[in-house]
Each structure stands twice: as structure tokens, then as C-alpha cells.
Amino acid sequence: MLIRLKEWKCDVDGALERFLGDEEMYMDFLHQIAEEESVAKLGAAIEAGDAQAAFDCAHTLKGVHGNMGLTPLYLLDIEIVEPLRAGSFAGVQDHYAKLVAENDKLKDILK
């Protein structure tokens with residue numbers, strides 16, 4: 001799985017440094033993140049037009065994805081966070097759709 005994550009352009013090595021090289025613990029956290037409902041909560045906030053709630057969700061995801069080395073997700077999180085920081089939804093829906101698709105890739109890799 002770690003090889004597949006690297007092929008997907010994840011920073012597995014950097015993340016493992018933060019996990020003190022504990023691959024088992026890293027994998028446990030990856031599985032928890034994949035099953036977490038945060039991406040769906042972000043979608044609900046976007047759908048409701050609640051920029052502050054959407055920003056809070058996206059900002060949290062950005063931190064989690066960044067720390068876990070999930071670069072494809074992290075880069076999309078940035079594209080969502082920045083407009084929301086300004087109170088705008090410009091481009092957010094499109095980037096959210098891409099985030100959902102990439103999150104599905106994570107789930108597939110972890111199966």
C-alpha cells in the first residue's frame with residue numbers, strides 16, 4: 001500500500017518521519033481518515049452555502065491531509081480553503097468534486 005500511495009504522489013516518507021517510522025500506526029491513521037465523514041461534512045456546508053463552516057471543515061482537512069502526506073488531497077484542500085477564506089465559493093464546487101474523487105482513490109488504495 002505504501003508503494004501505491006507513493007505512486008499516487010503522496011509524501012509517505014515525510015509522513016512516516018512524523019510517525020517516527022511506525023508504518024503500522026501510520027496505516028491505522030490512514031484507514032481512520034478514509035472512513036472519516038469530514039469530506040461529507042465539507043460537502044454539506046458547501047451545499048448549505050455556509051462559508052464559515054465550509055472553511056472550518058476544509059481547513060481541518062488541509063491540516064490532516066498535509067500531516068498525513070496525502071498530497072493529492074492536500075493540494076485540492078488548498079484550492080477550497082483559499083476562496084472560502086475570502087468568503088467566496090468561486091471554484092469551490094468543482095474542487096470539492098475533485099476532492100471526493102481523490103478521496104475515493106485513497107479508499108481504493110487502502111482496500
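# Exercises on helix packing and loops

The axes of helix α4 (residues 38-48) and helix α5 (residues 51-67) cross at roughly 155° and come within 8 Å. This is a predicted model, where local features need pLDDT of at least 70, side-chain atom pairs count only at pLDDT 80 or more, and totals for chains, interfaces and linings use all residues. Residues are numbered from 1 along each chain as its sequence is written, and side-chain values use heavy atoms, with hydrogens and water left out.

**Exercise 1.** Describe how α4 and α5 are arranged and which residues join them.

Step 1. Fix the elements: helices (H or I, at least four residues) are DSSP runs, numbered from the N terminus. Axes are lines fitted to C-alpha atoms over the stretch in contact, and angles run from 0 to 180 degrees between N-to-C directions.

Step 2. Take the angle of roughly 155°. It makes α4 roughly antiparallel to α5 (over 145 degrees counts as roughly antiparallel).

Step 3. Find the handedness. α4 passes α5 in a left-handed crossing: the near helix is turned anticlockwise from the far one by less than a right angle.

Step 4. List the contacts (heavy atoms within 4.5 Å). From α4 come S38, V39, K41, L42, A45 and I46; from α5 come A53, A54, C57, A58 and L61.

Step 5. Sort these residues by class. Nine are nonpolar, one is polar and one is charged. Ala, Val, Leu, Ile, Met, Phe, Trp, Tyr, Cys and Pro count as nonpolar, Asp, Glu, Lys and Arg as charged, and the others, Gly among them, as polar.

**Exercise 2.** Do the same for α4 and α7 (92-110).

Step 1. The axes of α4 and α7 come within 11 Å and cross at roughly 160°. The two helices are therefore roughly antiparallel to each other.

Step 2. α4 passes α7 in a left-handed crossing.

Step 3. On the α4 side, V39, A40, L42, G43 and I46 make the contact; on the α7 side, V92, Q93, Y96, L99, V100 and N103 do.

Step 4. The classes are eight nonpolar, three polar and no charged residues.

**Exercise 3.** Place L42 in the largest nonpolar core.

Step 1. Define the core: buried Ala, Val, Leu, Ile, Met, Phe, Trp, Tyr and Cys residues joined through side-chain atoms within 4.5 Å. Buried means under 20% relative accessible area, exposed over 50%, and partly exposed in between (1.4 Å probe, protein chains only).

Step 2. This core has 35 residues, and L5, Y26, L42, L70 and L99 touch the most other members. Elements giving two or more residues to the core are α1, α2, α3, α4, α5, α6 (71-85) and α7. The largest share, six residues, comes from α7.

Step 3. Leave aside neighbours within four places in sequence. L42 is then in contact with A54, C57, A58, L61, I80, Y96 and L99.

**Exercise 4.** Where do K9 and L20 lie, and are they buried or exposed?

Step 1. Recall the background. Most residues other than glycine have a negative phi.

Step 2. Check K9. Its phi is positive, about 80°, although K9 is not a glycine. K9 is found in the loop between α1 (2-7) and α2 (12-18). K9 is exposed, with a relative accessible area of 62%.

Step 3. Check L20. Phi of L20 is also positive, near 55°. L20 is found in the loop between α2 and α3 (23-35). L20 is exposed, with a relative accessible area of 80%.

Notes: Parallel < 35°, antiparallel > 145°, perpendicular 65-115°, else oblique.
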